[in-house]
Structure formats: C-alpha cells, structure tokens
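Welcome! Could you walk me through this protein, starting with its ligand and moving on to its rings and loops?

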Amino acid sequence: MDYQAVLSEVWDAVRPVLGQGRVATYIPALAAVDPHRFGMALATVEGDVYGVGDWREPFSIQSISKVFTLALTLARDGDALWRRVGKEPSGNPFNSLVQLEYEQGIPRNPFINAGALVITDRLQRLTGDARGTLRDFLRAESGNPLVDFDPVIAASEAAHGHRNSALAHFMASYGNMECAVPEVLEHYFWQCSLAMSCADLARACGFLARHGQRADGARLLTRSQAKQVNAVMLTCGTYDAAGEFAYRVGLPGKSGVGGGIIAVIPNRCGLCVWSPGLDARGNSVAGVEALDRFTTLTGLSIF
Ligand code: DON
C-alpha cells in the first residue's frame, strides 16, 4: 500500500475541519498552541516512517503517556496491577471525581486521570523514578534521544493541578496510594509534559503492533499483555467518547489534551495524528476525523 499517498489524501480531506474545536486552557501553557496545526505519521513494524503536515513538530503528549506507563507497569507487575485499578470504560470525563467515591477509591480504568495516578504511583514504587523510566523507554522506542520533558508545561499543570491533587488524596484516603501524594503528582505532571512529534509517537507505539516486542527485538509484554493494553485503549482510550471512536475509527487509540492521538494496527503499524483543537470530551477534532478517513480509505481497521 502507498502509505504516503494515503496520508496526503487524508490531509486534504481534513482541511475543512482544521481550526475547529478549542485548545485546552485548563493547563494555561497549553493554550498558546495554534489550533490550525496538523500532522500525521505512520510507522510500520518494519521501521519505515511516513508523514504529512507538522509530523516532525514536537507537541505535549499529555494523556498519551498513560499507555506507556501502563505497559511499563504491567511488564513489571503483571496481573497484580488490576487489584488497584479496573479495566472498564468510565462513561465519565477523564478528570471526574464522582465515580471514585461510589467505587471505594478504585478507578474504573488506567486512562482516566485517577487510574493513571495509581499506575504512576506503582511505577514510582517499582523503579524509584517513574518519569525517568518513561522518558528512557520513549527515547529508545522512538529512536529519538532528544525526547524530553517540557518544564514550562509541567510547572503550569502543577500550578493548576487541584483536581488531580484531589483525586490522588481521595485515593490515598482509601489506601490506594503507596508513595506520598506530592511525589506521585510530580512524576505524573512531568510524564504528561513530555514533548514528542507524530513520528516519535508512531514509532513508540510500535511495540503494541508487534504484540509486545520492542524496537530492538527485546520483549516488553507477553502477547497476551499487548492484547490487554490494546483492548483497554479501544474501550477506554478516548474516555466518554470511546464508543464513538471505536465506531468511527475501529482501532485501539489513545488521546491527549495536547491534541495528539495514537492508534495501533496490530501486525502492521503505529499511527499518530496531532491537531490541537479539541471537542467537548477532550479529543482532537481533526485527529479523530483523520483516523476515521484513514481507516475508511484503507479498510485497515481491526474489524
Ligand atoms: O491530568 C491532566 O488533566 C492532563 N495532564 C492530561 C489529561 C489528558 O490529556 C486527557 N486526554 N484527553
């Protein structure tokens, strides 16, 4: 298949929606990004990379980081992890507090903020440096040694992090935090601040297309664990829009409020699209449209 031609066709098709949606403002440093930006990249399991638009431009990965912290923790902890976090869609916004009280401090899944805080807590306990472990992994998988945190974004989120702070303290009150809450929040804010391009992220999610095998051939996850991560992405990766995303795109995917979305086509490739205008549920408007067009044009959904 001529991936470069397909990506160009997708880019043409999404032009009418570029600039639609609203850039995230609840982390003030994210508000400075131009909503008209658009990039998309595809990295095959063999290592070839194709891209259009701003596909080499780094952006804030935000919640996309949660896929990688989940994989790193699952690799070390196995099924024990699922005692502290569920794997069901939440049907609620990513930063919702209400469900946590009904469910005694056990978050619905690892991709809502509460669940991601539990995962970061566990990774911090297991490694002593959750954010550094994540950065080193992403440098290796993307093949880009320059992947790094954005201290301005991390500081901005910390300064406006009352809701995440509330979630973490609330879980601590149920005994579902092993490390000190401020330590977990710091690592979480830094992990979300990582700046990566579509090319970096399309490569970095390749291990999920290779059934758990890393870029250098070493195994991170068992085949079954890679299936589990992909399944949780499909059902929970775009929060209360996961049904709509599965319906339109038909691939495991994970969004971030920086406007990025990664998606995985098992056996074939990793995809990443970036456009900062978000819909009401925090997913990139042009990003979802581009992935919808891509799977419609190519027939490459998992269904
Ligand atoms: O914790 C937060 O609110 C952000 N650092 C990440 C949220 C996010 O990306 C949700 N995704 N659509």
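Here is a short tour of the model, topic by topic.

Keep in mind from the start that this is a predicted model. The ligand has 15 residues around it, and a search of the whole structure turns up 10 aromatic pairs. The bullets below take these topics one at a time and then visit a few single residues.

**The ligand and its surroundings**

- Among the 15 residues that surround the ligand, the closest are Tyr 26, Gln 62, Ser 63, Glu 157 and Tyr 188.
- Sorted by character, the shell around the ligand holds seven nonpolar residues, seven polar ones and one charged one.
- Tyr 239 reaches the ligand with its side chain: a polar atom there lies 3.4 Å from a nitrogen atom of the ligand.
- Val 257 takes part through its backbone, where an N or O atom lies 2.8 Å from an oxygen atom of the ligand.
- Gly 282 also uses its backbone, with a polar atom 3.2 Å from a nitrogen atom of the ligand.
- How much of the ligand's surface does the protein bury? Taken alone the ligand exposes 340 Å², and the protein buries 100% of that.

**Aromatic pairs**

- The whole structure contains 10 aromatic pairs, and two of them are worth a closer look here.
- One of them joins Tyr 26 and Phe 94, a tilted pair with 6.1 Å from centre to centre and 40° between the planes.
- This pair links distant parts of the chain, since its two members are 68 residues apart. Tyr 26 sits in the loop between helix 1 (3–14) and strand 1 (39–44), while Phe 94 sits in the loop between helix 2 (65–77) and helix 3 (98–102).
- Are these two residues buried or exposed? Tyr 26 counts as partly exposed because its relative accessibility is 38%, whereas Phe 94 counts as buried because its value is 13%.
- Another pair brings together Phe 68 and Phe 207, whose ring centres are 6.3 Å apart; their planes meet at 50°, so the pair is tilted.
- Phe 68 belongs to helix 2 and Phe 207 to helix 10 (residues 206–209), so this pair also connects distant parts of the chain, 139 residues apart.
- Phe 68 is buried, with a relative accessible area of 0%, and Phe 207 is buried with a value of 0%.
- Ring pairs also build a cluster out of Tyr 26, Phe 94 and Tyr 239. You have met two of its members at the ligand: Tyr 26 is among the closest residues there, and Tyr 239 places a polar side-chain atom 3.4 Å from a ligand nitrogen.

**Charges over rings**

- Which residue lies over the face of Trp 11? That is Arg 15, at 4.5 Å from the ring centre.
- Arg 131 lies over the face of Phe 149, at 5.3 Å from the ring centre.

**Backbone angles to notice**

- Gln 104 is not a glycine, yet it has a positive phi of about 50°. Look for Gln 104 in the loop between helix 3 and helix 4 (113–127).
- His 211 is not a glycine either, and its phi is positive at about 55°. His 211 lies in the loop between helix 10 and helix 11 (223–236).
- Why does His 211 count as buried? Its relative accessible area is 18%, and the cut-off for buried is under 20%.

**Two more buried residues**

- Phe 111 is found in the loop between helix 3 and helix 4, and it counts as buried at 0% relative accessibility.
- Phe 111 and Phe 59 are 52 residues apart along the chain, and their C-alpha atoms are separated by 19 Å.
- Thr 69 has its place in helix 2 and is buried, with a relative accessible area of 1%.
- Thr 69 and Arg 15 are 54 residues apart along the chain, with 33 Å between their C-alpha atoms. Arg 15 is the residue you saw over the face of Trp 11.

How values were computed: Residues are numbered from 1 along each chain as its sequence is written. This is a predicted model: local features need pLDDT of at least 70, side-chain atom pairs count only at pLDDT 80 or more; totals for chains, interfaces and linings use all residues. Side-chain values use heavy atoms; hydrogens and water are left out. A residue is near a molecule or strand if one of its heavy atoms lies within 4 Å of it. A polar contact is a pair of N or O atoms within 3.5 Å; within protein, one must be able to donate a hydrogen and the other to accept it, and residues adjacent in sequence count only if both atoms are side-chain atoms. Accessible areas come from the Shrake-Rupley method with a 1.4 Å probe; for residues, only the protein chains shown count as cover. Ala, Val, Leu, Ile, Met, Phe, Trp, Tyr, Cys and Pro count as nonpolar, Asp, Glu, Lys and Arg as charged, and the others, Gly among them, as polar. Rings of Phe, Tyr and Trp (its six-membered ring) pair if their centres lie within 6.5 Å; planes under 30 degrees apart count as stacked, over 60 as edge-to-face and the rest as tilted. Helices (H or I, at least four residues) and strands (E, at least two) are DSSP runs, numbered from the N terminus. Buried means under 20% relative accessible area, exposed over 50%, partly exposed in between (1.4 Å probe, protein chains only). A charge sits over a ring if NZ of Lys or CZ of Arg is within 6 Å of the ring centre and within 35 degrees of the ring normal.
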